[in-house]
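Me: I've got a new model open and I'd like to learn how to read its fold. Can you walk me through it?

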Amino acid sequence: MPATRKPLKPQDDQQRRLAWFRDARFGMFIHWGLYSQLGRHEWVMNRERIPVAEYEPLADSFKPGKWPARKWAQLAKEAGQRYMVMTTKHHEGFCLFDSALTDYNAKRRGPGRDLVAEYVEACREQGLRVGFYYSLMDWHHPDGARCARNEKARRRFVDYIHGQIRELLTNYGKIDILWYDVNWPLSPEGWESERMNQMALELQPDIIINNRNGLPGDFGTPEQHITPEAAGRMWEACMTFNTSWGYTPIDTDYKSARHVVEMLRQVAAGGGNLLLNIGPDPLGNVPAPCPSVLRQVGAWLQQYGPSVYEATDPFQGEWLITGAFTRKGDTLYFHCNRWPGSELAIGGLVCEITSARLMGGPKVKFRQVKDRLVLSGLPEKAPNPLTTVIELKFKGEPRQVLGAGHVVIDKDPWAAPARKPAAKRTKAK
């Protein structure tokens with residue numbers, strides 16, 4: 001008889017499910033829905049107080065182009081992203097999937113097809129992991145607000161939400177991420193969040209679940225800031241390309257490729273992931289300059305990927321005008337995003353540097369005196385205009401220690417302090 005696998009402890013099972021996610025590092029977030037037609041932010045229904053009766057006809061005028069998800073997935077692959085997360089239902093309540101629980105969905109209204117099914121197939125064609133975003137808050141459902149005040153309404157609405165999550169995790173094969181959002185207006189007890197998560201794990205034993213149904217879940221989701229969770233806790237910073245999640249052409253403050261590369265360095269140094277959002281237009285086209293920026297980032301990752309993907313050991317160094325670090329084992333990767341010319345000085349390293357080289361290139365001369373490392377003989381111009389990575393091998397436990405004040409250090413700062421000579425005794429006169 002085949003041996004049965006011994007059930008893992010909850011913590012061990014969580015780490016098993018998270019293993020691929022820890023290595024993935026970089027994902028694409030897609031916000032797409034009826035709000036894309038208005039082009040004034042994904043919260044436009046709420047911010048402009050558009051009544052349901054006025055907003056709902058957008059479901060019939062929504063006419064996406066042919067299989068836009070294939071373009072998204074191909075772009076994600078070119079960018080070096082390893083997974084995608086798409087809004088299956090945002091706060092507006094419109095479902096991009098075919099749901100038996102409401103006709104307010106893409107199959108029965110304007111698109112006339114299941115847009116989530118297209119997305120899932122596109123991800124699999126490119127070998128990307130599949131994530132589903134699902135908003136618990138719902139501005140369209142009649143019980144979406146009154147569920148907080150009326151028990152019968154709460155029962156109906158919670159059954160609806162659980163039912164749709166069941167549909168999503170049943171009808172599309174293996175799903176890798178369940179990404180809840182906005183658990184207003186109920187408490188975790190009101191949402192029956194424990195039961196919700198248990199259902200998800202029963203339907204998808206390998207799935208990972210975020211922390212936005214009021215429970216800790218498997219990973220944290222800092223939004224619009226890069227802040228590591230507690231030691232050992234997995235996290236993913238979700239960030240916009242401009243300042244909006246949905247298609248908003250009047251918002252033109254887009255991040256550059258250099259900025260995205262720096263965000264990747266930050267999440268790697270903190271042991272987390274970056275989920276970078278794009279908001280396609282009503283047809284599903286990705287707005288400029290996102291494709292160009294993502295392809296530049298992908299080319300950079302082709303050259304320096306190990307300094308991000310595989311640099312899984314957290315290392316929080318001090319700020320320097322020339323760059324900052326990631327770490328893997330006995331290797332520090334210095335991401336130099338402002339090239340100083342033929343010589344580069346790095347202060348405060350508390351470890352012995354044994355070798356230095358341009359990553360993927362030649363060795364570099366260096367000297368290390370006290371807490372000052374000087375690399376010399378570098379090219380006058382940056383080998384990579386976005387960010388050049390320098391690989392440093394070291395001995396000891398690496399730290400970077402720099403105070404706010406300038407102190408000239410004449411002695412070894414890590415040596416034991418010298419004992420003061422005993423004061424001479426003098427006889428009393």
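Reply: Sure, and keep in mind that this is a predicted model. One term before we start: contact means heavy atoms within 4.5 Å. Helix α7 (residues 115-125) lies across β2 (83-89) and β3 (129-135), and runs at about 155° to β3.

Me: In what order do the strands of the sheet come?

Reply: Follow β5-β4-β3-β2-β1-β7-β6: these 7 strands make an open sheet with parallel pairing. At the edges sit β5 (208-209) and β6 (236-240), each pairing on one side only.

Me: How many bridges join β1 to β7?

Reply: There are 5 between β1 (residues 26-30) and β7 (residues 273-278). Look for F26, which stands opposite L274 in β7. Helix α12 (residues 290-304) packs on the sheet there, touching β1 and β7, with its direction at about 165° to that of β1.

Me: And how do I describe two helices packed together?

Reply: Two packed helices are described by the angle between their axes and the distance between the axes. Here, α6 (residues 68-79) and α12 have axes that come within 7 Å and cross at roughly 35°. On the α6 side, L75, E78 and A79 make the contact; α12 brings residues including P291, L294 and R295. The contact divides into 6 nonpolar, 1 polar and 2 charged residues.

Me: What about the nonpolar core?

Reply: In soluble globular proteins, nonpolar side chains tend to be buried together. The largest core in this model has 89 residues, with M84 and I165 having the most contacts inside it. Beyond its sequence neighbours within four places, I165 touches residues including Y134, L178 and M196. A second, separate core of 20 residues includes F334 and F394.

Terms used
Residues are numbered from 1 along each chain as its sequence is written. This is a predicted model: local features need pLDDT of at least 70, side-chain atom pairs count only at pLDDT 80 or more; totals for chains, interfaces and linings use all residues. Side-chain values use heavy atoms; hydrogens and water are left out. Two strands pair if DSSP finds at least two bridges between them. Helices (H or I, at least four residues) and strands (E, at least two) are DSSP runs, numbered from the N terminus. Axes are lines fitted to C-alpha atoms, for helices over the stretch in contact, and angles run from 0 to 180 degrees between N-to-C directions. A nonpolar core is a set of buried Ala, Val, Leu, Ile, Met, Phe, Trp, Tyr and Cys residues joined through side-chain atoms within 4.5 Å. Buried means under 20% relative accessible area, exposed over 50%, partly exposed in between (1.4 Å probe, protein chains only). Ala, Val, Leu, Ile, Met, Phe, Trp, Tyr, Cys and Pro count as nonpolar, Asp, Glu, Lys and Arg as charged, and the others, Gly among them, as polar.
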